[in-house]
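Here is a short report on one chain, read from its backbone, its strands and its ligand shell. Keep the structure open while reading.

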Amino acid sequence: MKENYLDELNERQREAVTHINGPLMIVAGAGSGKTKVLTTRIAHLMRNGVDAFNILSLTFTNKAAREMKERVEKILGGSEARNLYIGTFHSVFARLLRAEAHRLGYPNDFTIYDADDAKSVVKTIVNELNLDDKHYKPNFVYNRISAAKNSLMGPEEYQLDHLVQQEDMRANRPLIGKIYDMYAKRCFKNGAMDFDDLLFKMYVLLKSFPEVLHKYQHKFKYIMIDEYQDTNPAQYEIIKLLGAVNENICVVGDDAQSIYSFRGATIQNILQFEKDYDDVKVVKLEQNYRSTKSILSVANEVIAHNKGQIEKNLWTDNTEGDTIKLVRTMTDNEEGKFVADTIAEQKLRNHYENRDFVILYRTNAQSRAFEECLRRKAIPYRIFGGLSFYQRKEIKDFVAYLRVTMNTRDEEALKRIINYPVRGIGKTTLEKTIVLANEHNITMWEVLERAREFGFKGGTVEAIEAFVVMIKSFQAMLTTHNAYDVAVVVGKSTNIVKELFNDKTTEGLARYENVQELLNSIKEFTETPDEEGELLDNKTMGTYLQQITLLTDADQGNDEDSNVVKLMTIHAAKGLEFPVVFTVGLEETLFPSGMSINTREELEEERRLFYVAITRAKARLWLTHANSRYRFGNLVQNEPSRFLEEMPEKFIDRSYAGGGSVRNAFGSGSTSGWGGGGNMGNMFDRMQKKTPGQPVSQPSSPKPAPRPTSAATTHVPTPGFAPDDPAEMEPGMQVEHQKFGFGTITAMEGAPNNRIATVVFPKGGGEKKIMLNYAKLRIV
Ligand code: ATP
Ligand code: MG
C-alpha cells in the first residue's frame, strides 16, 4: 500500500481528493490531473472506509476504466479494486440491465445488437413496409432512432412530438416514427438491445421501478464521472436519478474539450451542475503537468479564440521544450512520408520508442497515406478505433471487383460482390453455383459464364449474364487503360460510388470518402514513381493489388500496450497523452471540416478538437498540412487551416518538406507566405531555381539533421534516399539498383535536375526507366 499518495498531489488536487461528501465539480484544462484526481479520490474513499461495492465510476473508454482500476490497485494494494463498478456508461449499464432486464420483459441474457445488426433490422422493416430503402436508408433511419433514444424519446413520444414529426416531414420521411415503433418491437421480440438501448432502457428501468431506483441509489453511494463535458442527455438524466439521494457526485470535465455535441452531448451539463445541486464544491485545477511550456502556450492561445469558455489560467512548471514544428508538404503522400521519416529519425536521435508516437487525424479516411509510409519503413503501427483502411467493408467490396477483374478464379472476392450492390443474384443462386462448380470441377465463374447451359432461368439468368458482361468489360480495359481508369469505371458501372454518395448519413459519407480515398490512392499509384523510381511500365492493376494485399496482411496485433506507433482520430485520443504527437491534415475543409464551418458553434467545436489534439503532446508536437491532396477523385489545393494562424509565432518553427529532399522553409520566417497557399506552378519554379545542377537527394545515413536555428533555415530530415550524382551518369556505365541488381545504362534524358536513366538489368526484369532523383542507383 502506498502511504504517501496524497503527497503526489498539489494543494488544489488534494482538496478535491479529500472532499468526501457532497457534490463536487472539477473543471479544469487539459493535463491538469483531472483523471489522476478522480483515480486518487477512489482510493482515498476506500482508505476512509467506503466499500468498493458502493463506488460507481464512469469513463469514456474501457481502456481508461482498466487503467483506473490498475492505478487504484497500485495505491491500495490488494484486490479490493476489483469490486468497484468502473467502466464506460455502456458497459456498466449493460451489467446492471443483465440483473434487472426481466422487469422490462427482456431475458436477462439479452443480445446486444451492434450498429450493423441494428441497421439490418431497420432494413428488414423498411422492406416489410414496402418502402424504398434507398429513400428510407437504414443508416439514416437508424441515426434518427439513435438520436431519439439518446434524448430519451421512445417510439410513442416520437410519433406524438410535433417538432420531430415536422422534421421528418421536411425530410420527406414521415414514416420514421412508425419504423422506430416496429424496430423497438422487433428488438424486443428478438430479445435484443442495441447500444442506445443500454442507456435508454436503463433510464426506463429506473423511472418505472422505484424499488430498483432505490436499490441503486443506495448501492452507489459515490458516483464519479470523467469527461463530464461529453455526456449526452440520457447519461445526464440517469446520473441525476442515481445520485439524487446521496448527492455524492463528483464530475470532472473541461468545457474546452467538449467534442461530442454532434452526438447530443452538451456543455450545458457542466454549466448546469452547479444549479442542479446545493452546495456544490467547485475546484479549478490550473497547473498542467503534461506538456512543455511551448505546447501549452500554443494550446492556450488557440482556445482563447473561442467565446464563452469557462475562464481558466492553465500554466506549467515544465520546461519550455522544443518549438512546435509546423510542416508543409506538397501532397498528402509526402505528408505521410514526412511523418514516417521523422518518426524514424526521432527514434534514432532522441531514443524514442514506437509507442511514444501518435498520429492524430480529423477523419479515419486520412490514415491511408500514413499506413503505407510506415509500412514501407517497417515501423510497426496500429490503427485505433476504426478498422485499418483496407479492412473496411466498403474498401474490401470495391477491391473485390478489382480482384475478380484481374482473376476470375478468386472465389472469395466473387462471393463478396456477386450480389453487391444488390442485383438479384440471391443466396439460392449463389449456393447452386457453388454446388455446380464443385460437381463439374470448374470455377464458379465458369458456371456463371455458362449460366443458361446450367439451367438458370428468367430474371436470375439475366442478372448473371449482365454481371458477367460487366466484369468482362472491365477486363477488356486492363490492356488499354491504367489501373485508375479501370477503377473509376468499376465504381461507375457497379453504381457503388453513386449509392454511397446518395447516403447522406455521417457513416454513409465516411464510406463514400473512404472509397474516394481508395480511388485517390490508385491514382497516385499510377501517377507517381515508387521508391525505386520506376516509371509507369510497372503500374498495373496486379502490382497495385499485390501492394495493398500485403498491407492488409500487416499484423497489427491486439495488445493495446504493444510497442507500436498509434494512429487514431482526435476524438479517439481524448484523455490520452503521448511524448510525441503528429497532428496532420491541418487544412481548410479538412480541419476545420468543410461541414463544420457554417456556424460559430460548429467552428468552435472544431477548435476545441484542435485544442484536444495539441494537448495530447507531452514533449514534442508536429503539425502538418499538404498543399494538395486527392479528395473525391481530384487533386485539390487546400489552404492551410485557419487554426494555424491563431498560434503564437514565438513557439513555432515553420518548414517545408517535399519530394524526398531537404528544403529550406519558404517565406523567410514571416507569415506572409501562408495566405495564398498552394500555387503549385510557382512552387515548382522556386524549387527548380533552388536546385540547378545539384542533387536533390540527401544521404540516408543516420547523421542527424542540424538543429533548427530559425524558421527560415529549418531543415527537414528525410532519410531513405541514397546519395547519387545524376550528373555523372552516362550511357554505357555499370550501375547497381537496390531492387533490380546490376545493370547497364543505355540512355539518359530529362532536365539536369530531373535526370532519367534507361537501364537494362539482365537479372532484374530487363529495361527500366529510372528517375535518378528517387532511385537508389549506384555507379559500380
Ligand atoms: P485531460 O484533460 O487530457 O483528460 P487530465 O486533466 O485528466 O487531462 P491527467 O491525465 O490526470 O490530466 O494528468 C496529466 C498528466 O499529469 C499525467 O501524466 C499525470 O500523471 C500527471 N500529473 C497530474 N497531477 C500531477 C501531480 N500533482 N504531480 C505530478 N504529475 C501529475
Ligand atoms: Mg483526463
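His351 counts as exposed, because only 8 C-beta neighbours lie inside 10 Å and a residue with 12 or fewer is exposed. The model is predicted. His351 is found in the loop between α15 (332–350) and β12. Its phi is positive, about 55°, although His351 is not a glycine.

Thr589 also has a positive phi, near 75°, and is a residue other than glycine. Thr589 lies in the loop between β15 and α26. It is partly exposed, because 15 other C-beta atoms lie within 10 Å, a count between the limits for exposed and buried.

**Cis peptide bonds**

The loop between β15 and α26 (600–614) also holds Pro592. A cis peptide bond joins Pro592 to Phe591. Another cis bond joins Tyr420 and Pro421. The table sets out the two bonds.

| Cis peptide bond | Omega | Loop of the proline |
|---|---|---|
| Tyr420–Pro421 | about -10° | between α18 (411–417) and α19 (427–440) |
| Phe591–Pro592 | about 10° | between β15 and α26 (600–614) |

**Strand β15 and its partners**

How many residues of strand β15 are buried? Five of its six residues are, and the strand, residues 578–583, is mostly covered. Strand β15 is joined to β12 (residues 357–361) by four bridges, and the two run parallel. Within that pairing, Phe357 has Val580 of β15 as its bridge partner. Strand β15 also pairs with β16 (residues 617–631), through five bridges. This pairing is parallel as well. Here Val581 stands opposite Leu621 of β16.

**The antiparallel sheet**

Strands of a sheet pair through backbone hydrogen bonds, either parallel or antiparallel. A five-strand sheet is open, with antiparallel pairing. Its strand order is β23-β22-β21-β20-β24. The edges are β23 (766–771) and β24 (777–779), each of which pairs on one side only. From one strand to the next, the twist averages 40°.

At one edge, three bridges join β24 to β20 (residues 734–737). The two strands run antiparallel. His737 has Leu777 of β24 as its bridge partner.

**Helix α13**

Which residues of helix α13 are buried? They are Asn269, Ile270 and Phe273, in a helix that spans residues 268–276. Seen down the axis of α13, these buried residues fall within an arc of 100°, so they line one face of the helix. The elements that cover them include β1 (24–28), α12 (233–243) and β7 (249–253).

**Asn139**

Asn139 sits in helix α6 (residues 138–150). Is Asn139 buried or exposed? It is buried, because 20 other C-beta atoms lie within 10 Å and a count of 20 or more is what buried requires. Thr505 is 366 residues away along the chain, yet its C-alpha atom and that of Asn139 are separated by 6.5 Å. Neighbours within four places in sequence aside, Asn139 is in contact with Lys119, Asp503, Thr505, Glu507 and Gly508.

**The shell around ligand 1**

Ligand 1 is surrounded by 19 residues. The closest are Gly33, Lys34, Thr35, Lys36 and Tyr289. Which helix gives the largest share of this shell? Helix α2 (residues 34–47) does, with three residues. By class, the shell has nine polar, six charged and four nonpolar residues.

**The chain as a whole**

The chain has 27 helices and 24 strands. It has 780 residues, of which 42% count as buried. Contacts across the sequence are also counted. Among contacts between residues at least 6 apart in sequence, 75% join residues at least 24 apart. The pair of Asn139 and Thr505, 366 residues apart, is one contact of that kind.

Definitions and conventions. Residues are numbered from 1 along each chain as its sequence is written. Chains are lettered from A and ligands numbered from 1 in the order in which they are written. This is a predicted model: local features need pLDDT of at least 70, side-chain atom pairs count only at pLDDT 80 or more; totals for chains, interfaces and linings use all residues. Two strands pair if DSSP finds at least two bridges between them. Axes are lines fitted to C-alpha atoms, for helices over the stretch in contact, and angles run from 0 to 180 degrees between N-to-C directions. Two residues are in contact if their C-beta atoms, placed from the backbone, lie within 7 Å. A residue is near a molecule or strand if its C-beta atom, placed from the backbone, lies within 6 Å of it. Ala, Val, Leu, Ile, Met, Phe, Trp, Tyr, Cys and Pro count as nonpolar, Asp, Glu, Lys and Arg as charged, and the others, Gly among them, as polar. The arc is that of the directions from the helix axis to the C-beta atoms.
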